[in-house]
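Let's take a walk through this protein, starting from the inside and working toward the charged pairs that link its parts. Have the structure open as you read.

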Amino acid sequence: MAVTPEEQKNARRKAMLLLEHMDRTEKGLSARLRQAGFSAEATEDAMNYVRSYGYLNDHRYAMNYISFRMGTKSRQKILQELSGKGIDRETALAVWEEAAEIEEPDELAILRVAVEKKCQPDTVLDEKGMRRLQGFLQRRGFSYGDISHVLEEMNITCERNF
């Protein structure tokens, strides 16, 4: 079924409005246009329209996303979030490498800050508390080896009940 000129115009206008407020991924913009009730053809036309002006660029989106978060989140967590936003892994990894050339993130420093938010150095936790802390940090994308290293470095130990 052909797209009516009215639907085409409305879809383009909606796409521009959505991008006016915040940068979006191709997947995100497409989903929002479909959610607004536009046909697949009108959505694709609107996507091509904003793409032709350079308003829709997944590489730029990923670069901005990584740049703003690489000082507070682990590499793995950022890549996972980008994947959820529709950025393919290859693009995300390539952009990560680009961003890391500009400013190399210190994952251990980021991990230390995350640990300090949960407990102070020289703390003794019970087993449940230690499991919770480690689970929290692993869900943030930090490796078990790095977590163990930082907890040992900060002298955060687990009391053993025998």
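What follows looks at the nonpolar cores, then at one serine, then at the salt bridges.

Keep in mind that this is a predicted model. A good place to begin is the greasy interior. In soluble globular proteins, nonpolar side chains tend to be buried together. Here, the largest nonpolar core has 17 residues. Those with the most contacts inside this core are L111, V115, L133, L137, F142, L151 and I156. Three helices each give two or more residues to it: α7 (107–118), α8 (127–139) and α9 (144–153). To get a feel for the packing, zoom in on L137. Leaving aside residues up to four places away in sequence, L137 touches L111, A114, V115, F142 and I147. There is also a second, separate core, this one of 15 residues, and its members include Y65, M70, A99 and A100.

Now for the serine. S74 sits in the loop between α4 (58–69) and α5 (75–84). Is S74 buried or exposed? S74 counts as buried, because its relative accessibility is 0%. And what does its side chain reach? One partner is the backbone oxygen of R140, at 2.5 Å, and another is the backbone oxygen of G141, at 3.4 Å. If you again skip residues up to four places away in sequence, S74 touches E107, R140, G141 and F142. You've met F142 already, as one of the residues with the most contacts inside the largest core.

Next door to S74 in the numbering is K73, which forms a salt bridge with E81, with the closest N and O atoms 2.7 Å apart. K73 counts as partly exposed, at 28% relative accessibility, whereas E81 is buried, with a relative accessible area of 18%.

How many salt bridges are there in total? The count comes to 6. One of them joins D45 and R12, whose closest N and O atoms are 2.9 Å apart. D45 lies in helix α3 (residues 40–52) and R12 in helix α1 (residues 5–21), so this pair ties together parts that are 33 residues apart in sequence. R12 counts as partly exposed, at 26% relative accessibility.

Another salt bridge brings us back to helices from the largest core: the side chains of E153 and R112 meet at 2.4 Å, N to O. E153 is in helix α9 and R112 in helix α7, 41 residues apart, so to speak a link between distant parts of the chain. Both count as partly exposed, E153 at 43% and R112 at 24% relative accessibility. Finally, E26, E44 and R51 are linked in a network of salt bridges.

Methods:
Residues are numbered from 1 along each chain as its sequence is written. This is a predicted model: local features need pLDDT of at least 70, side-chain atom pairs count only at pLDDT 80 or more; totals for chains, interfaces and linings use all residues. Side-chain values use heavy atoms; hydrogens and water are left out. A nonpolar core is a set of buried Ala, Val, Leu, Ile, Met, Phe, Trp, Tyr and Cys residues joined through side-chain atoms within 4.5 Å. Buried means under 20% relative accessible area, exposed over 50%, partly exposed in between (1.4 Å probe, protein chains only). Helices (H or I, at least four residues) and strands (E, at least two) are DSSP runs, numbered from the N terminus. Contact means heavy atoms within 4.5 Å. A polar contact is a pair of N or O atoms within 3.5 Å; within protein, one must be able to donate a hydrogen and the other to accept it, and residues adjacent in sequence count only if both atoms are side-chain atoms. A salt bridge is a side-chain nitrogen of Lys or Arg within 4 Å of a carboxyl oxygen of Asp or Glu.
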